[in-house]
Amino acid sequence: QVQLVESGGGLVQAGGSLRLSCAASGIIFSINTMGWYRQAPGKQRELVAAVTSGGNTNLVDSVKGRFTISRDSTKNTVYLQMSDLKPEDTAVYYCNVKARRPLISQEYTYWGQGTQVTVSS
C-alpha cells in the first residue's frame with residue numbers, strides 16, 4: 001500500500017541543475033524524517049540530505065551550499081534542489097521516509113525505487 005514515487009533525475013552537464021521530488025502515499029503512521037540517499041558505482045550508499053517533521057535539515061558536507069532540501073508536509077512530498085552539479089554527484093538517488101507508530105515507538109523505513117542522476121564533465 002505504501003508508495004514512494006520519485007521523479008526529476010536525468011543527464012546534465014557540470015554546473016547544471018536538477019530538482020528531485022518524492023511523493024509518499026499510503027503511510028498511516030506519523031512521518032518523522034524524509035530525505036535522500038545516493039549510491040555511486042563501487043561506493044556505499046550515503047545520506048545526502050534529510051528534513052525532520054520539525055523542519056530541521058542536514059546535508060552531507062560535499063553538497064552544502066549547492067543542494068537544498070525541502071518538504072511539503074501537507075502533500076507528504078520531499079524535494080531536493082541540486083545546483084552547480086559536479087561529476088562527483090553522479091549516482092542513483094533514493095528517497096527515504098522514516099515513520100513511527102505512536103505509543104509503542106515502532107519505527108518503519110520506506111525506500112523509493114531510485115532515480116539516476118548523471119553529470120557529465
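Start with the whole chain on screen: among contacts in the protein with a separation of 6 or more, 55% join residues 24 or more positions apart, where contact means heavy atoms within 4.5 Å. The model is predicted, so local features need pLDDT of at least 70 and side-chain atom pairs count only at pLDDT 80 or more, while totals for chains, interfaces and linings use all residues. Residues are numbered from 1 along each chain as its sequence is written, and side-chain values use heavy atoms, with hydrogens and water left out.

**Stop 1: the whole protein**

Colour the chain by secondary structure. The protein has eleven strands and zero helices; both are DSSP runs numbered from the N terminus, helices being H or I of at least four residues and strands E of at least two. Read from the N terminus, the order of elements is β-β-β-β-β-β-β-β-β-β-β.

Now turn the model about its axes. Along the principal axes, the C-alpha atoms fill a box of roughly 50 × 25 × 25 Å. The radius of gyration is 14 Å, which agrees with the value near 14 Å for a compact globule of 121 residues. This radius is taken over C-alpha atoms, and the globule rule is 2.2 Å times the number of residues to the power 0.38.

Switch on the surface. About 6700 Å² of the protein is exposed, and carbon and sulfur atoms supply 46% of that area. Accessible areas come from the Shrake-Rupley method with a 1.4 Å probe, and for residues only the protein chains shown count as cover. Of the 121 residues, 37% are buried. Buried means under 20% relative accessible area, exposed means over 50%, and partly exposed lies in between (1.4 Å probe, protein chains only).

**Stop 2: charged side chains**

Select the Lys, Arg, Asp and Glu residues: Lys and Arg count as positive and Asp and Glu as negative, while His and the chain ends are not counted. The protein has 12 positive and 8 negative charges, and their mean positions are 6 Å apart. Each charge is placed at NZ of Lys, CZ of Arg, CG of Asp or CD of Glu.

Side chains of opposite charge can pair when their charged atoms come close. How many salt bridges does the structure hold? There are six, a salt bridge being a side-chain nitrogen of Lys or Arg within 4 Å of a carboxyl oxygen of Asp or Glu.

Select R38 and E46. Their salt bridge has its closest N and O atoms 2.8 Å apart. R38 is buried, at 6% relative accessible area, whereas E46 is partly exposed, at 30%. Add R66 and D89 to the selection: salt bridges link R38, E46, R66 and D89 in a network.

Next, select K64 and D61. This pair forms a salt bridge with its closest N and O atoms 3.0 Å apart. K64 is partly exposed, at 49% relative accessibility, and D61 is exposed, at 60%.

Then go to E107 and R100, whose side chains meet in a salt bridge of 3.1 Å, N to O. E107 is partly exposed, with 34% relative accessible area; R100 is partly exposed too, at 38%.

**Stop 3: two loop residues**

Select N76, in the loop between β7 (67-72) and β8 (77-82). N76 has a positive phi of about 50°, although it is not a glycine. It counts as partly exposed, at 24% relative accessibility.

Move on to D84, in the loop between β8 and β9 (91-101). D84 is a residue other than glycine with a positive phi, near 50°. Its relative accessible area is 41%, which means that D84 is partly exposed.

**Stop 4: two strand residues**

Is Y110 buried or exposed? Select it in strand β10 (residues 106-111): Y110 is buried, with a relative accessible area of 19%. Beyond residues up to four places away in sequence, Y110 touches V2, L4, I27, C95, N96, V97 and A99. Measure across to one of them in the viewer: the C-alpha atoms of Y110 and N96 are separated by 5.8 Å, with their positions 14 residues apart along the chain.

Finish at R19, in strand β3 (residues 18-25). R19 is partly exposed, with a relative accessible area of 48%. Leaving aside neighbours within four places in sequence, R19 is in contact with S7, G8, Y79, L80 and Q81. For a last distance, select R19 and C95: they lie 76 residues apart in sequence and 13 Å apart in space, C-alpha to C-alpha.
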